[in-house]
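Let's take a walk through a protein structure together, one step at a time. Keep the picture beside you as you read.

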Amino acid sequence: MASIAMDKPGATVLLMGNEAVARGAIEAGIGVAAAYPGSPTSEVLPTIAGVAKEMNIHAEWSVNEKVSAEVAGAASFAGIRSLCIMKQNGANVAADFIVNANMTGLGEAGMVIFISDDPGGMTSNNEEDSRTITKWFDNPLLEANNAQEAKEMIKWAYEVSEAVNLIVFVRGVTRLSYTRGNVVLGELPEEKEKKAHFPDLWDMYNPTKSKFTSGPFPIFHKPLHEKLEKAREIFETSTFNRYMGPEHPEVLIITCGACTSYSIEAVEELKAGDRVGVLKLGTTWPLPEKLVAKHLATTTKVFFVEEMDPFVERSVMELAASLLPATSALTFYGKRSGHLTPYNEQSTNLVINALMDILAMTYQPRDLTYDKVAKEAVALVPSRPINMCAGCPHRATFWAIKKALKLDGRDGLVTGDIGCYSLAFAGPGFFQARTMHAMGSGAGVANGLGSLKQFGFDQPVLAVTGDSTFYHAVMPALVNGVYNNSNFILLILDNSATAMTGFQPHPGTGQLATGDPATVVDMEAICRAMGAHVELCEPFDLEHSTETLLKMIKEDSGARVIIMRHMCQLVKVKRKIPAKYKMHVDPERCLGDTCGCDRLCTRILGCPGLMWDTKAGRAAIDEVLCAGCGLCADICPAGAIIREEAI
Amino acid sequence: MGTKTLTKEPFNFIVAGVGGQGNVLLSAFVGMALVNEGFMVSVADTFGVSQRGGSVTSHIKISKEATYSSVTLEGKADVILGMEPVETLRALGEFGNPHVITIVNPRPVHPTGGVAYPDLEEVKKAIIKLSSQAKFVNATEEALKMGNPIYTNVILLGSLVGADVLPISKESMVPILEERFPGKVFDTNMKAFNKGLELIAMA
Amino acid sequence: MSNNGKGSKALFEEVINQGLCTGCGACVTACPYMVAYGGRIVVLDKCTIEEGDCYKHCPRTYTDMNAVSEKIFGVPYGDEEVGHAVDIFMARSTDKRIKEKAQDGGTVTTLLALALEEGIINAVVCTKMDEDKVARGYVARSREELLECAGSSYEASFVLEAYRGIPKESTEKLAVVGLGCEVEALSKIKTYEPKNSVNPENIKLTMGLICGWALRPDVFHPFLRELCDPSQAVKFDIPHTPHYTFDVYTKKETKSVTLDEIRPYINPACQYCWDMTAEFSDISVGSAGSKFPGWNTVIIRTNMGADLMEAAREKGILETQALPEQRLAHLKTVALNRKKTALKNIIEKTGSEKDLLYVGGLSEGIADKLLEE
């Protein structure tokens, strides 16, 4: 792909939303970009990092979103425009800083947070609407519909941020972040040189004019609200808010973000353009009330189309209530009415379904006979459960955990965490994990369970986490465990990558976001320094890892650490590390689905590199998918899986 | 600017496959070629977790006039490129219609965890029944002959271009491949691309 | 009642969860889903097989005693108190080393060492205690290794799990040493061909051990640890009446507890056991009692057993003497009482004389006799 920093204003390129955000920030002349990997935003930072030197930008992977927000905030304080990027959960982590930064105000240079939510949780373990958080924090909020708009909004967001002296949120969703669309490039900033300096702006006698230290001063709160009012005025005339449709529509759709396209296209598909108008809001908090009120007066039916929470719905209904009795004839459709759900992803089809009810019209997407045949044929189609990759070391780790806990027999459990090992709660991880919350929560919850001895608690507790997660949130939890003498084992699954989100480097990998070498922050040394008993295991040495687990479990004393270290299979592929073994199944020895095996490898181990040949009644290796790790050969009860050293 | 036109406005193209098969790269190539031809394109894939064995569907919506959302409406696919048979059928189930044209690589990828794979012949029959035209291209087979299953994507790309169902030509695709695969790698990939052209002509 | 069409689910429902598991290890012999650990059967994953060898070979699922007897001895199951026997006498080893390590007379070790050295067998599946006196199945292939296995552990060892290590295609000729329940399981393995796992044709010799009851390792060992350092223990013994103790010999001293103190650690499954003398073996061996310290009672059941015994006598490695009438009568009485008590306990559990759990295939006459007061 051509460089994101190419100097070709006016050229049209195909960019995904995340890349467009990066381009927008570059065009806005940022000097600092900081983020922690989180789908669906993970591509923004590396895109910027790729041209960091050339564009004089400091681009870093921070250990967590709070630090990344603080890094971006500091840049703003010192007069450098900054971009902070996070997924929905990141706002939860960065909350305390943002709330306080809103009190202290920013520096001369603007700060923008690009936050992308994941409706439907395609790449998350929860659903959350970050707009409500933005409103809670008291920050201005913009929502982008597609890649082109995202780029433009990011640029404008800096102007707004500098005008009102607040962090501005630009919000997207997975469909925005990952959809590639035509983007017309803008001008690159003229000067690449940026000068950073921390100004002396503390004046005890003029606290509201002082900067950067929040405190128990309620007097900071009033100016904050005044800033929001200023933002509202700016938003009243923003060109990101647009109306398309008849002057007096029968139904007024109020929409924002990615739902804009769904709304417009639903109306087009139903050929209802003469009956339905679409008011697209690009600025959704604070609400441009005058603009909305103007449109409310043109109709009697209002239909809110937005992802997740009835955010705009609530703001507009609040507005409508305040305008009573002028608005008393309005009927509202949206989440409250049940026309759309406040959970799961929206789509054009869902909007069409809702409109069919509101407009009392029918719609047939396709020929009914075909529809019937198609639906019947789909009955043939098996579901594809998500799995860990062939060759994943976590599969070996969880196999050992399963056996060790079962042998121990005290109903031991795994407290899970976020990453590829999240799959521990399901088949791929043999249903070992019984809790899963936020990054680092596995260790936190394990702390809690491990302190319940006096209430008769004797179940072994294994907290599972990853190498990146360790630096992100687990370290304090381990300190807590050692200090409070909590009884649990922390298993760090160190595969040398932040794998789930796309193999971003972290403090343990020895590489920066820019690809330059970095100091390795030694995980093992840290755990020992904290005072924990630490063991190292190779996950594919099942005998040793199971033995170590059993030994540590029986120890039953305070916080213990086992580092299960083996490189992620996909990282190996990236680094062109060849497969260790060539595998095949001896059909003569394979017992298949008969007594003594019952398809242990395909049914329980479930590695994608294994196939079940229904006709032959035997397991087989899928040569395209097999990673040659040899794990299946170790667990086959008939010794039917053969491994040969690959040349 | 290309001279190609769309047979429908907007036009819906779907690539159906399994995580790890390379939908993303393929749909990106097609998207870029279309942009070069002067179209407005919206391409969406599902990333991340889907790398690990789940179904992955890439939607490409093509228009001369506006940027649309990417996801195909129910029953509105115009062309489906199936990188895997069961995924092709899944896509036809939701997005198919009597006019859809389907190009399929008939190599099964087995679901994991003990789920049985249906009879391949039954799946192929269903695909044929649900398409106005269904063409089978043994891309993985040919890729393995070339020495690496990784060439499957580019072979399928060649077949897609050769089928002439999208407004992209070989000429618009070559510079994109050149940029992505420098040096010697480009030659092997062009070989794979041309193989794809060959295969679709015979299908 | 048929033994067919049942698998691990029924095994747990009908045996393990009913407190009937004796710890023989037959179910885990060929199964990747179950292991014996810490004195219990641990399920690692769920098996979906409907008709499994685990259920078929378990000694506590319905056993057609006639069918098994026909397979092992070629005759129907009889009414002898000590089972089918061609000769009963006393024996002891003449080998000094064996006598030092032996529980009583060292007869089992002597016979097995002979069989190994003569090439009648190549490997012995038996029980071995580790340093902490935890008993597990083991495969011995030499006299030295056999000596390490001498001495009673008094606990369920899941010995047949060691049978698992020997592949089906192996040409090794095997001997197996086991308690009544273990020998019964082995006999079911011989009678009902295993689907995929072991090849019972490999078993050339079965040595039975006369057994009163077995301890449950998971509860016994914590008790033992309170008594002494298990790694210092060299022998356990329960001397016959008039003694009433469980003795632990360490390198320095002997610790004794009364049988009452040890009773809580007995496997409750043993109360349903009716086979004191390991009836389906080639040779069964036990202690000859406190009147004959250092001697074994020996029951020869088959030609294989008789031939091996003869070879041992000829070589002078075993000396024998007749079992006094009184001793024989006592043995038979105790064995019969065991059968009756077991059936009584079984009927109390099932609530019906018609349901004798695993005891099946008996002719009416035999069943009636055992059920009468």
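Before we start, one term will help: two residues are in contact if their C-beta atoms, placed from the backbone, lie within 7 Å. Please also keep in mind that this is a predicted model.

Let's begin with a helix in chain C. Helix H10 of chain C covers residues 303–315, 13 residues in total. From its first C-alpha to its last, H10 of chain C reaches 18 Å, close to the 18 Å expected at 1.5 Å a residue. Which residues of H10(C) are buried? They are C:Gly305, C:Leu308, C:Met309 and C:Ala312. These residues cover an arc of only 100° around the axis, so they sit on the same side of H10(C). A general rule helps here: an α-helix has 3.6 residues a turn, so residues three or four places apart point the same way. Turn to the other side of H10(C) and you find C:Asn303, C:Glu310 and C:Glu314, which are exposed.

What covers the buried residues of H10(C)? The cover includes helix H5 (107–117) of chain C, along with three strands of that chain: E12 (283–287), E13 (296–300) and E14 (318–322). Just after H10(C), C:Gly316 takes a positive phi of about 75°.

Now let's move to chain A, which is divided into domain 1 (12–235), domain 2 (242–358), domain 3 (393–574) and domain 4 (581–645). The centres of domain 2 and domain 3 of chain A, taken over C-alpha atoms, are separated by 47 Å.

One residue to find here is A:Thr284, in strand E12 (residues 283–285) of chain A. Is A:Thr284 buried or exposed? It counts as buried because it has 26 C-beta neighbours inside 10 Å, and 20 or more are needed for that. Setting aside residues up to four places away in sequence, A:Thr284 touches A:Arg131, A:Leu141, A:Glu143, A:Cys256, A:Phe311 and A:Val312.

Next, look for the nonpolar cores. The largest has 169 residues, and A:Ala33 and A:Ile48 have the most contacts inside it. This core draws at least three residues from each of domain 1 and domain 2 of chain A. Beyond its neighbours within four places in sequence, A:Ile48 is in contact with several residues, including A:Ala22, A:Ala33 and A:Ile57. A second, separate core of 108 residues includes C:Cys27, C:Ala30, C:Cys54 and C:Val124.

Finally, how do the chains meet? Of the 2 pairs of chains in contact, chains A and B share the most contacts. No contact joins chain B and chain C, and their closest C-alpha atoms lie 12 Å apart.

Methods: Residues numbered from 1 in each chain as written. Chains lettered and ligands numbered in written order. Predicted model: local features only at pLDDT ≥ 70, side-chain atom pairs only at ≥ 80, totals over all residues. Helix = DSSP H or I, 4+ residues; strand = E, 2+ residues; numbered from the N terminus. Buried ≥ 20, exposed ≤ 12 C-beta atoms within 10 Å, placed from the backbone. Domains from an automatic or database assignment. Expected span 1.5 Å × (residues − 1). Arc of directions from axis to C-beta. Core = buried A, V, L, I, M, F, W, Y, C linked by C-beta atoms within 7 Å.
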